[in-house]
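Student: I have a model open and want to go through a few of its packing details. Can you take my questions as they come?

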Amino acid sequence: MANLDSLKWTLRQKAMAMASSPTQPLSDSQYDAGFDILVQGSGTYQDFIVPQLSLLLAPLFNSRTCISALEVGPGPKSILGCLPVGLRRKVKRYAAFEPNELFATRLEEWLCSTSDTGSPLPCLEGPPDVHRIPFGLDSTTSTATSTGTSDGVERFDVILFCHSMYGMKPKHKLIERALGMLLERPEGGIVVVFHRDETLHLDGLTCHRTASFPTGVIRVADEDEALDFFAPLIAGFVMHDADADKGIQIEWRKICRALAHRDEAHPDHLFFSSPEIMAAFTQHATALTELMAQVPAVSGANAVKSREARLHHPAAIIRPREIGHVQQCVRWALKHRVGLTVVGGGHSGHCLWPNVVSVDMSAFDEVHIFTAGEEGGTSSSDSGPLVVAGAGCKSGDIVRKTMAAGLTVPLGARPSVGAGLWLQGGIGHLARLHGLACDAIVGAVVVSVASGEVLYVGRVPSQHRPAVAVRPENDGDLLWAVKGAGTNFGIVISVTFKAYTAPAYSVRNWIVPLSDNLEARLRLSDFDESVARKVPRHCSVDAYLFRDRGKLRLGVTMFEVSTTRLTLETPTPMPTPLGTILGLEDNFEIVDGVGLFDTEMYMSGMHGGHAGGKTSSFKRCLFLKEIGSVEVADILAAAVETGPSPFCYLHLLHGGGAVGDVADDATALGCRDWDHACVVTGVWPRDQDGTEVARAAVEWVYSVARNLLPLSSGVYSADLGPDPRDAELAAKAFGPNLSRLARLKHSSDPGNVLAYACPLPKVPMEPKLIILVTGDSCAGKDYCAEIWVSVFNTGSYKTLRARAVSISDATKREYAAATGADLERLLRDRAYKEQHRPALTTYFQDQVRQRPRLPEEHLLDVVHDAAVDVLFITGMRDEAPVAALSHLVPDSRLLEVSIKASRETRRARRGCQGGDGDRNDNDSKEDSNDRPSLVFSNDTIGNEAAREFSEHYLLPFFHEDLQRLANMVRPVPNFPRRGIEFRDVLGITQLSGGLALCTSLLQTHFTGDWAKVDVVACCETGGFVFATALAAQVDVQRLALIREAGKLPPPVISVLKSPSHISSSASMEKRFEMGRDVVPRGASVVVVDDVLATGETLCAVLQLLDEAGIGAENVNVMVVAEFPVHRGRELLRRRGFGGAKIQSLLVFGGA
């Protein structure tokens, strides 16, 4: 399948060859027609651009009350209008550069729509400012009303190039111009580029984040008219002369049809590959010169073996010569919030990445050998020989130098592979005898990507511990991670290996012709059962499936390891099963560890040998058991038959033995239960790099991997990177260790500096439960929080992790820095803190005046750094914190637990003299428009009451029944309108046992006393269903039904309900009614509803109850599901109903 870039080149070449007329740019209408075909035929927008943009922009949008956006070349619609509604509502100011008059007019009409659906950006504070000119180096959106800048130029939070930078030159200068138009304060503005190509070469600019979509496809109707619109858009011009234009149209149609892929499912359409990349830049994008002034740079990528990587255009390749240089690279990346890649052996396809700085470790290429007792300063019961290898060493270097000392290390099977292989496994021919390369790692020196510090972990000879190196507190965790996932947790400087006696190897090869796939399956079955499973540990038997001259072949190589002297004159006898099944070997030789590299069948025995740079390859590796089973063998044989190139093959490396002796969780590798590692290898002639031939081979590899994945016992991580096609494979790369690795990645690389290594799952940014511990001074908030943390960490839910933090610590740090106060005493010494209390409070208030969103920033900071399931936060200064802050953490359940203690108790504790600023130091004044989620009375001595409170009220939020209920709520995208992900909460009732489960949970989670409830009130339709069942179960005799106007007989009381922006009838006001005498004055009421989102419905219900004489303080609300992003609680408080106590069973993030 040709991609658009090669199609464009071919179309232009044809036009040049026929050069009978000059060319001219497309008219606005011609561009419009072609653009419409391009957009309509692409899934890139919904599958890549919108999801990536939503993910990238969410943190920025959630941290600000209003967003200003500039879009360059948006076309007839803004991509911002496709974002989730919660993000779209943040956009208050919009500008665009759109030179196409037709597009500009349609864009303005769309943004100013007065239709039922309303504007896609519903909260714009003024009309969109659409400039009908191209964006250029001198472009400005300055207006007479520009504010906030000294030069009168408008600046923006977000600047988007969403429809490729096609035709825009020079691209890097235009991006620099856009960077200059970002708001300077607050920082965090971003320029985002989506570009329809596999690379975006930008001289010297460094990306904040990148993403790719290599599987993008454009579908075009196979009709002359459609192609006559489509081809000129891709070529970028039409012919000036009308007759010449008609002639080129005919030729261009032929080219489109010749280069396109055809799909049997869509025979009337043509398909073209359309890979897309995203590049995001911040104001730090131009900071590369700062790093290059400190650390040597390299021109070119000659040291990189991977042809895939060499097609990328890194921002720069830096070659540090000493550890201090590596530290400078890391500190620079942390300062400017950008990522790094690392080049070791240069075999990884992602060791270079577009517009990212690469750190070439080739200068760290020394090998040092320590015999028993020579390592110095390290005490260990294991005193065998050690080898210290720098991260720039290649496997061949290590083997050569260790052999001279009579030793070896179990490394991979290629002499040119480097540290990336050892740190992520390392499968070689000693694996069955001694284990994988990562199993031989006993220590390492690493530069932390969290701090830039030099760390040493495990056993490192004292001579090779840098003077500045320290042993980290999590030494065991970090060493564990280095042994199988080491490329994700720091920049490794050197590795210390356990060494073994150097052996000799006898090598036998067979090549067996196969008549068809059936014979291939039978041969694989015999090989697996009678050979691979029977040979002893000192032997390994690899198999190959490949084609040669159009015929299927099975290749087999047996490696026998011996520490005694082997000679050709005295060969070891061939194992009986091999001779019976495969016959006499084709060749036999005895080699040492260096010679072993050249005996690999793919190097010399297949297709004339793949050595010498004649071919390029792409591979992925999966772990298999029972390769002779029908399911596996059929996939393997069929895979070779369908290879797009005659050079594609499968290599089955023998496992078992010592590999399986190691427990899955003993090292990060995780996958140990396998008999063969299947290396799916796509190969093509090197002169076809970057062509359709190479792309087809890569897609073949992924296709075979996807077919094998369900039958595999894991995936080898060493080849995996940021390509989105790797995500599915990476999910099976580390066996049971994924969650531990994710947590360790979060703490060891919090800035995601090593973002382009094998992808690990992200630790959820937000805990599942956040509890704001508030109350009067000296009521015991910190004490209670610590007790509750211990209950979660040691209780029945042993998989949960909890911690407590003080949100006021951030203010104390800033205050100490500004005033010179002793920070440690502010944090630990209560009496000292009380001395500074008035000044601290004044300082905080001054800061809030300057930065009104400071409390929100502090909350997001502590939540982002939590990496736990349950987070207790003390030191809150906000009124009604759940209502004010829950939208910031929409994926978490946010509760407020207020600690109460009598005045006497508080004064007795620590001799406290006054308040701490969290609440006034009195027990009488309460905010009638704010009720905490829970109240704990802390007047008793000891911790038993606090423990009982947490077990009764907090632990139930993690009961499995709540998860069962959540699983019953089906998500429905783009309903009731585009951009909304509807959660079918009412659908619970249509599932077996759903209504009974929900009713039971509503009953048990109610924190009040059902015996004191007089009335259950509900609003149609969802409320009716749940409330009726609940009232019957808890024996509440009176049900108050609230309906739309006209559905209840008089007498009634009624109120007007404002429309909700997420409703299917968002523009319609409704009137709600309730029977006048249904609810007696002074009654205790529980309102039951299916969801709490915007809060408009609940506001109407509470207003009706207020009309009936029931104040909000006498109302409890129970909802099945809450959507905090819509800020329903905040609306209730703003309208005077914050005194109602609200409980929700489930919390869902998103729109």
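**Helix packing and sheets**

Tutor: To start with one pair of helices, helix 16 passes helix 19 in a right-handed crossing. Keep in mind that this is a predicted model.

Student: At what angle do helix 16 and helix 19 pack, and how far apart are their axes?

Tutor: The angle is about 130°, and the axes of helix 16 (residues 517-532) and helix 19 (residues 630-641) are 9 Å apart. Because of that angle, helix 16 counts as oblique to helix 19.

Student: Which residues in helix 16 meet helix 19?

Tutor: Asn517, Ala520, Arg521 and Leu524 do so on the helix 16 side. In helix 19 they meet Val630, Ala633, Asp634, Leu636, Ala637, Ala638 and Glu641. By type, the residues of this contact are seven nonpolar, one polar and three charged.

Student: Switching to strand 2. Is strand 2 mostly covered or mostly open?

Tutor: Mostly covered: six of the six residues in strand 2 (residues 67-72) are buried. On one side those are Ile67, Ala69 and Glu71, and on the other Ser68, Leu70 and Val72.

Student: What does strand 2 pair with over six bridges?

Tutor: Strand 3 (residues 91-97), and the two run parallel. Within that pairing, Ser68 stands opposite Arg93. Strand 2 also pairs with strand 5 (residues 158-161), in the parallel sense over three bridges. There, Ala69 has Val158 as its bridge partner.

Student: Now the open sheet of five strands. What is the order?

Tutor: The order is 33-34-32-35-36, with parallel pairing. Strand 33 (802-806) and strand 36 (934-937) are the edge strands, each pairing on one side only. From one strand to the next, the twist averages 25°.

Student: How many bridges join strand 32 to strand 34?

Tutor: Four, between residues 769-775 and residues 870-874, and the strands run parallel. Leu769 in strand 32 has Val870 in strand 34 as its bridge partner.

Student: Which strands does helix 24 lie across?

Tutor: Helix 24 (residues 781-794) lies across strands 32, 33, 34, 35 and 36, at about 175° to strand 34. Helix 29 (residues 854-864) lies across strand 32, strand 33 and strand 34, at about 145° to strand 34.

Student: Last one: which residues in helix 23 are buried?

Tutor: In helix 23 (residues 738-748), Leu738, Leu741, Ala742, Leu744, Lys745 and Ser748 are buried. Their cover includes helix 15 (475-485) and helix 22 (727-730).

Definitions and conventions:
Residues are numbered from 1 along each chain as its sequence is written. This is a predicted model: local features need pLDDT of at least 70, side-chain atom pairs count only at pLDDT 80 or more; totals for chains, interfaces and linings use all residues. Side-chain values use heavy atoms; hydrogens and water are left out. Buried means under 20% relative accessible area, exposed over 50%, partly exposed in between (1.4 Å probe, protein chains only). Two strands pair if DSSP finds at least two bridges between them. Axes are lines fitted to C-alpha atoms, for helices over the stretch in contact, and angles run from 0 to 180 degrees between N-to-C directions. Angles under 35 degrees count as roughly parallel, over 145 as roughly antiparallel, 65 to 115 as roughly perpendicular and the rest as oblique. A crossing is left-handed if the near helix is turned anticlockwise from the far one by less than a right angle, and right-handed if clockwise. Contact means heavy atoms within 4.5 Å. Ala, Val, Leu, Ile, Met, Phe, Trp, Tyr, Cys and Pro count as nonpolar, Asp, Glu, Lys and Arg as charged, and the others, Gly among them, as polar.
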